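Me: I would like to go through this structure by asking, for each label we attach to it, what justifies that label. Could you answer with the value and the criterion side by side?

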Amino acid sequence: MNNTLNEISKYLQEGQSIKVRELTIAALDNGYDYKKILDTLIEAMDIIGKKFKKNAIYVPEVLIASRAFNIALDIISPLIDPNTRTYLGKVVIGTVKGDLHDIGKNLVKMMFTGMGFEVIDLGVDISERQFVDAVKEHEADILAMSALLTTTMVNMKNTIKLLEVEGLRDQVKILIGGAPITSNYARTIGADYYTTDAASAAEMAKEIMNNNLGT
Ligand code: B1M
C-alpha cells in the first residue's frame, strides 16, 4: 500500500475524521481509483473490528473510527456506479419492538457496512410486521435483530413466527444478538445464528454468504 493509502488507514484507525476526509479528497484529486480507497477503508475497519474483538480498543474508539469511515464513504459513494456496485449481500437490521437501545445495533451495522454488505437499517422499536415487510421488500439475505431488554427479546421470537406464517422463513438467515441473548435462546426461538459482539456478527455474516456455516 502506498503512502496516501497508508495514511488514510492510519488516521481512520485513530478516528481522525478531518484527516481522513482531507486525504480521501486529495487521493481522488490525485487520480487514485476510488475502489483502492474503498478497499483501504474497509481493511482499516476490519482491523478496528479485530482489535475491538480482542478488547484492545473499546466502544468509543469504534464509534469514532466508524464516523471517519462514514465521512470518507460519503465522499466516495457518488462515484460508485449503482450498476457495477457489488455487495457481499443484503442485511436488514433493527432493534426489536419496545426497545430503544441502538448503540450496539449501530456498531453491528457499521461492521456489516465495513465488511461490504448493503445494510438496510430500520432503526429502533421495530415491530414484527416492519421486519417481515422489509425482508420481503428488500429480498434480504440476512435479518439481524438486536435486543437489550429481557422484556423485549420475546419480539425476536414473534418476528420469526411471523416470517414462518408468511412463508419467508427459508429465504433469510436470522442472526440475533444483544446483552441478554444467549446461544441457547437463539436455538430455542429458531434463529439461525447468535454472536456476542459486532465484529463477530459481521464475520459470521460473511461466512453465511460464503456458505461456510451450517445452521
Ligand atoms: Co438501558 N438498560 N434502559 N438505556 N441501558 C440496560 C440495557 C440495562 C442492562 C441497565 C441496567 O439495569 N443495568 C437495563 C436492562 C435490564 C434488563 O432488561 N435485563 C436497561 C433498562 C432497564 C432500561 C430502561 C427500562 C430504563 C428505564 O427507563 N427504567 C429504559 C428502556 C428504554 C427502552 O428501550 N424502551 C432504558 C433506556 C436507556 C437509555 C435510552 C437511557 C440508553 C440507550 C441509549 C441508546 O441506545 N441510544 C440506555 C443505556 C445506554 C443502557 C446501558 C447503560 C448501555 C447499553 C449500551 O449501549 N451498551 C445498559 C447497561 C449496560 O449494558 N451496561 C442498559 C454498549 C453497547 C455497545 O453494548 O448494546 O450490549 P450492547 O451491544 C453489544 C452486544 O450486545 C452485541 O454487540 C455489541 C458489542 O459489540 N450486540 C449484537 C448488540 N446487538 C447485536 C446484534 C447482533 C450481534 C451482536 O446480531 C444481529
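Me: What makes up the secondary structure of the protein chain, and in which pattern does it run along the sequence?

Reply: In this predicted model, the protein chain comes to 9 helices and 5 strands, and read along the sequence they follow the pattern α-α-α-α-β-α-β-α-β-α-β-α-β-α.

Me: Why is the protein chain called as compact as a globular protein of that length?

Reply: The globule rule, 2.2 Å times the number of residues to the power 0.38, gives 17 Å for 215 residues, and the radius of gyration is 18 Å, which is close to that value, so the chain counts as compact in this sense. Along the principal axes, its C-alpha atoms fill a box of roughly 55 × 40 × 30 Å.

Me: How do you know that the length of helix α3 agrees with what is expected?

Reply: Helix α3 covers residues 34-53, and at 1.5 Å a residue its 20 residues should span 28 Å; the end C-alpha atoms are 28 Å apart, and therefore the two values agree.

Me: Which residues of α3 are called buried, and against what do they pack?

Reply: Buried means under 20% relative accessible area, and in α3 the residues that meet this criterion include Y34, I37, L38, L41, M45, I48 and F52. The buried residues of α3 pack against α1 (3-14), α2 (17-29), α4 (59-76), α5 (103-115) and α9 (198-209).

Me: What share of the protein chain is buried?

Reply: Buried residues make up 46% of the 215 residues.

Methods. Residues are numbered from 1 along each chain as its sequence is written. This is a predicted model: local features need pLDDT of at least 70, side-chain atom pairs count only at pLDDT 80 or more; totals for chains, interfaces and linings use all residues. Side-chain values use heavy atoms; hydrogens and water are left out. Helices (H or I, at least four residues) and strands (E, at least two) are DSSP runs, numbered from the N terminus. Buried means under 20% relative accessible area, exposed over 50%, partly exposed in between (1.4 Å probe, protein chains only). The expected span of a helix is 1.5 Å times one less than its number of residues. Contact means heavy atoms within 4.5 Å.
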